[in-house]
Amino acid sequence: MIPLTATGDAASPQPVLASPRLLLAPIEPAHCTDLHALFSDPEAMRFMDGPPSRSLEETAKRAETYLFPLPIWHATWVLRERSGGPVIGLVNYHHRENWNNRLEIGFALRRSSWGKGFMREAIAALLDHCFGALDIHRVEATVNPDNQAGIRLLEALKFRFEGGPMRARQRVGGEFRDLSMYGLLRPEWRAFRRAAQNGLPQPPLAGGAIAHRSGAAA
Ligand SMILES: CC(C)(COP(=O)(O)OP(=O)(O)OC[C@H]1O[C@@H](n2cnc3c(N)ncnc32)[C@H](O)[C@@H]1OP(=O)(O)O)[C@@H](O)C(=O)NCCC(=O)NCCS
């Protein structure tokens, strides 16, 4: 039987999170219009788990899966700059397995906000929440081996390449796609955070596994 009583869950339904420049708020139906700029953009959707939306209705349908958060399993936050403006993206966790203190994260940003370090901030805030209030020990991310931006981002946050590409791991429309596995453990994240706060050089992670990632991504 799946143990549904999760450590930390009662105390952490889905708080608003914050990073230096961003606020991360639980997703609501009203966010769909802003999210359409992301979900309808073929370039932004290139490595996502579904094809681009062709209408606002399709975006709303897609967002339904995010709109009923069950923090024991999954939760999604939308990103906004603290200075105001529209929703610029989202982060989430899913496949949470509290009996293994493990979950997987997902992330996407509208194209006009790429390359400004926003997602690094947003994921750092999410990781603090996961490794803190949610008592998670291991965070996973599965990434298309051709997704250079996604891989760079994970590497910058000290995720380690752990294997792959796993063949036909994801179906997008009628097409099966490969995914590589990246993982980050709580002690690694805490060491990285401490070093960053003290302005020290980042500690090397034993193994240096990044070098093994797939030829397509290298
Ligand atoms: C992946 C994504 C979230 C990156 O967000 P971002 O805010 O632009 O990333 P950052 O600005 O924090 O940059 C993080 C790192 O990626 C690098 N990067 C950003 N865009 C890049 C690109 N197109 N190609 C190669 N590297 C890139 C940055 O230079 C930075 O690396 P550095 O610290 O070594 O310089 C964004 O490109 C996106 O939303 N892509 C579409 C959705 C997606 O693919 N999601 C992931 C699904 S698993």
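The expected span of a helix is 1.5 Å times one less than its number of residues. In this predicted model, helix H3 (residues 118–131) can be held up against that yardstick: with 14 residues, H3 reaches 20 Å from its first C-alpha to its last, close to the 20 Å expected. Quite a few of its side chains are tucked away, with Met119, Ala122, Ile123, Leu126, Leu127, His129, Cys130 and Phe131 buried. As a general point, residues three or four places apart on an α-helix point the same way, because there are 3.6 residues a turn.

H3 also turns up in the largest nonpolar core, giving seven residues, the largest share of that core. The core as a whole has 45 residues, and Leu79, Val91 and Cys130 have the most contacts inside it. Val91 shows nicely how the pieces meet. Setting aside its neighbours within four places in sequence, Val91 is in contact with Ala122, Ile123 and Leu126, among others, and those three are buried residues of H3. Its other contacts include Leu24, Trp77, Leu79, Ile105 and Phe107.

Then there is the sheet. Eight strands make up an open sheet with mixed pairing, in the order E1-E2-E3-E4-E5-E6-E8-E7. At the edges sit strand E1 (17–18) and strand E7 (160–172), each pairing on one side only. Further in, strand E4 (residues 89–97) and E5 pair in the antiparallel sense over seven bridges. One of the residue pairs here is Gly89 with Leu109 of E5, its bridge partner. The hairpin of E4 and E5 has four residues between the strands, and Asn101 there takes a positive phi near 50°. With strand E6 (residues 138–143), things go the other way: E5 and E6 run parallel, joined by three bridges. In this pairing, Glu104 stands opposite Glu140 in E6.

Finally, the ligand. It is surrounded by 21 residues, of which Leu109, Met119, Arg120, Ala149 and Arg152 are the closest. Two of these names are already familiar: Leu109 is the bridge partner of Gly89, and Met119 is among the buried residues of H3. Strand E5 (102–109), H3 and helix H4 (148–156) are the elements that give two or more residues to the shell around the ligand. H4 gives the most, with six residues. What classes of residue make up this shell around the ligand? By class, the shell has 13 nonpolar, five polar and three charged residues.

Methods. Residues are numbered from 1 along each chain as its sequence is written. This is a predicted model: local features need pLDDT of at least 70, side-chain atom pairs count only at pLDDT 80 or more; totals for chains, interfaces and linings use all residues. A residue is buried if 20 or more other C-beta atoms lie within 10 Å of its own, exposed if 12 or fewer, and partly exposed in between; C-beta atoms are placed from the backbone. A residue is near a molecule or strand if its C-beta atom, placed from the backbone, lies within 6 Å of it. Ala, Val, Leu, Ile, Met, Phe, Trp, Tyr, Cys and Pro count as nonpolar, Asp, Glu, Lys and Arg as charged, and the others, Gly among them, as polar. Two strands pair if DSSP finds at least two bridges between them. A nonpolar core is a set of buried Ala, Val, Leu, Ile, Met, Phe, Trp, Tyr and Cys residues joined through C-beta atoms within 7 Å. Two residues are in contact if their C-beta atoms, placed from the backbone, lie within 7 Å.
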